[in-house]
Every structure is written in C-alpha cells, then in structure tokens.
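Thank you for asking me to look over this structure with you. My notes are set out as numbered points, and I suggest keeping the 3D view open while reading them.

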Amino acid sequence: MANDYLAFFNLQQDPFRMPPDPYYFYPAERHNEILSSLNFAIEQKEGFFLATGEPGTGKTTILKVFIEHWNDRAEIALIMTPRLNPEEFLVAVLDDLKVPFSGTNKHDMIKEFRSFLLRTTATDKRVILVVDEAQNLPDETLEELRLLSNLETEKEKLIQIVLLGQPEFRERIMHSSLRQLNQRISVRSSLAPLSYQETVDYIQYRLMKAGAAAVLFDDAAKKSIYAYSGGIPRLINLSASRSMMAAFVDGSRQVRGKHADQAILHLQDAPPPSVKRLSKSALAAIAAGVALVSLIAVFGFRLNLSGTPAAPQSAGPAVRDAETTSAQTLVISGSRANLRVEPA
C-alpha cells in the first residue's frame, strides 16, 4: 500500500512522515536564526542556551540538525527524559558521555566528571549537555544544572548547556528561587509558527526533497491546511499527509481543496456534514420536540399535537402517573415534523 501510494505521486519517500528528520529541515527564517544562535553559543563557549516553543513547532528537528552538525567535534549528552532527581540526572549525564565512575558518591562523580571535561577540552572538543522538554525538570535538578555550569577554568567554561522547552519554562525560571540559573542564560530564542507563505514553501520544499517534480497541492488545499495547522509544522505534516491519502483514494494526482477539507474533517473528529447542513426549520422542530419531552416529564400531560391537548389531570394522579407509568416516546413523522407523544 505504501509503495503504491508513493508511486502514484511519483515520490521516492513519504514527504510528511512524522518522526523529525534533519534531511527535511526547512530553513524558515526563525528556525534558521535559532540554529545560528545555537551554533554561535557553542563556538563561543557560552554557558547556557535556551530555546522555547509550542509543541510541534520544530524544536526536536532543530536539535537533530544541531547534533548532526557538532557530532564529530563535541561530546554530547542528550537527556530526553528529564524527570530525574539531581543524583539520577548526574548519573544519566555521565552515562551518556561514557564517563567511567565508581559508586554513587556525588562528590566523587563530580570529580571524575571534571577530569573528563579537562581532558576533552584539551583536545579542542566541546562538551555539550542538551536537555529536551526542560519544563519537566524538578527545581532541585535545575539547581544541579546550575552547579554543573560552574565547572570551568580561569579562561573558559568546560561545558555548554542547551535547554529546550515549552513557553511556560521561560516564565518558570523568572521565579526568585531560580534567579541564579536565569541570570546564567546568555542566549535565549523562541520558535513561532510558520507564516502562510512559509507554510506553502514548507509543503513544496518537503515534496521536492521527496522527489516530486510538480506542484501537488492546489491553492485551496494549502489554505485549508494552513487554517487547520496555524503554521505548526507537526500539524502541517499530519494534515498534508492525510490530504494526499484522500486524493490517492479519489484517484487524483493533485491534492485539491476538497481532499484537504475531507482529511481535516476526520482529524478534527467533526460531525458528519449532513448534520452541519440541517435547516433552521429542522433544528427548530428538534428543539420543539425536546421542549415537549421536558413538559411531559414535568407536568405529566398527555398531548396529541394533531388535535387538542388532553385536559390535565389533577395534581395527585399526575404525580402518581409520573412515578408508575413507563417512559413516553416522541414520534416524528412527515417532513413537517407532525409530532405526537405516545406511551412507550
């Protein structure tokens, strides 16, 4: 199925696959700025670098491009699950950097870590600690990070620390309890969603990287995808991929607006279009039926909407009827919603 799908559109790869892939990195203006700032911070041996952005805006893709760029010139520890206490965090860092250590004595681990940093720096290689989803770090582990940044010589920092997180992390570190850490962050950047034109270029860029020789998405499809995604790359990928599948099923080699709308409808788990198109009169009839049921439940009336309402019973029997009779059924017949209520 996958091969048929790609061959149908003359593609060599799936252009909108979800796992972040440096090969498909689209150099949008803001993404390029962050990558350049990050590389500069490492080159200059700055202490901390912080990049924040909403989920799906491309932080992980930038991170993978960055690691690919520095992989041969640095020792890199990547912490992807930061819900660790200080001791667990330090062990994870040493383990990722393959620093040999014995026992769990924190003082000895720090001493061995410093020796490793000095040896590595002497070879002109950087040591980079990257923490993804930094908003999940406990406060005491953030303090441990600050202490690690103190590992330096008289001339330079021995370790560079890169923090990637969601926007709330920027607000969190403004708290007075974390002010020392906040003061050490020398470079800060934030990711924003793509503009409409960037979204259009992003879609075409990925298609070309996957081998497309022609424009597959018409303008209506691009507009629908942007309206749904808000320029967030993860959502662009998801809706574009589903739109192509809708076109494939339809036998169309061009992804049109109707295909994007159909795909987005399923992604939003929206009600069927027939429900959306109910006329005002039909909605009024349904509302009237609901109101009648409410009246029946409260007053115990027996109504026949084709004729004259039955005379209300006395309060006593009405109460007894409500307690002892079975539920009543609302019957809708005919295009004019001729309603009557019958015992179930």
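The points below go from the sheet to its helices, then to the cores and the aromatic rings.

1. Please keep in mind throughout that this is a predicted model, and that the positions discussed here are numbered from 1 along the chain as its sequence is written.

2. A good place to begin is the open sheet, which has five strands in the order β2-β3-β4-β1-β5 and parallel pairing. Its edge strands are β2, covering 74-79, and β5, covering 185-190, and each of these pairs on one side only. If the direction of the turn is ignored, neighbouring strands of this sheet are turned against each other by 15 degrees on average. As background, strands of a sheet pair through backbone hydrogen bonds, and the pairing may be either parallel or antiparallel.

3. Strand β1 deserves a closer look. Residues 48-52 make up β1, and this strand pairs in the parallel sense with β4, residues 160-165, over five bridges. Within that pairing, F48 has I161 as its bridge partner in β4, while A51 stands opposite L164 of β4. Strand β1 is also joined to β5 by five bridges, and these two strands run parallel; here the bridge partner of L50 is R188 in β5.

4. Which way do the residues of β1 point, and are they buried or exposed? F48, L50 and T52 point one way from the strand, F49 and A51 point the other way, and all of them are buried. Because five of the five residues of β1 are buried, the strand is largely enclosed by the rest of the structure.

5. Two helices that pack on the sheet can be described together with their strands. Helix α6, residues 139-148, touches β1, β3 and β4 as it packs on the sheet, and its direction makes about 170 degrees with that of β3. Helix α5, residues 106-122, also packs on the sheet, where it touches β2 and β3 (126-131), and its direction makes about 125 degrees with that of β3.

6. The largest nonpolar core has 33 residues, of which F89, F113, L129, V131, L145 and L163 touch the most other members. At least two residues of this core come from each of β1, β2, α4 (86-96), α5, β3, α6 and β4. Leaving aside residues up to four places away in sequence, V131 touches I79, P82, F89, L137, L145, V162, L163 and L164. Another core, of 26 residues, lies apart from the largest one, and A28, L194, I225 and A240 are among its members. In soluble globular proteins, nonpolar side chains tend to be buried together.

7. The structure holds ten aromatic pairs. One of them is formed by Y5 and F248, an edge-to-face pair with 5.7 Å from centre to centre and 85 degrees between the planes. This pair links distant parts of the chain, since Y5 is in helix α1 (residues 2-8) and F248 is in helix α11 (residues 233-250), 243 residues apart. Y5 and F248 are both buried, and ring pairs link Y5, F8, F9 and F248 into a cluster.

8. Finally, two charged residues are placed over rings. The charged end of R73 sits over the ring of W70, 4.0 Å from its centre, and K209 lies over the face of Y23, at 4.1 Å from the ring centre.

Key:
Predicted model: local features only at pLDDT ≥ 70, side-chain atom pairs only at ≥ 80, totals over all residues. Heavy atoms only, no water. Pairing = 2+ DSSP bridges. Helix = DSSP H or I, 4+ residues; strand = E, 2+ residues; numbered from the N terminus. Axes fitted to C-alpha atoms, helices over the stretch in contact; angles between N-to-C directions. Contact = heavy atoms within 4.5 Å. Phe/Tyr/Trp six-rings, centres within 6.5 Å; stacked < 30°, edge-to-face > 60°. Buried < 20%, exposed > 50% of the residue type's maximum accessible area, 1.4 Å probe, protein only. Lys NZ or Arg CZ within 6 Å of the ring centre and 35° of its normal. Core = buried A, V, L, I, M, F, W, Y, C linked by side-chain atoms within 4.5 Å.
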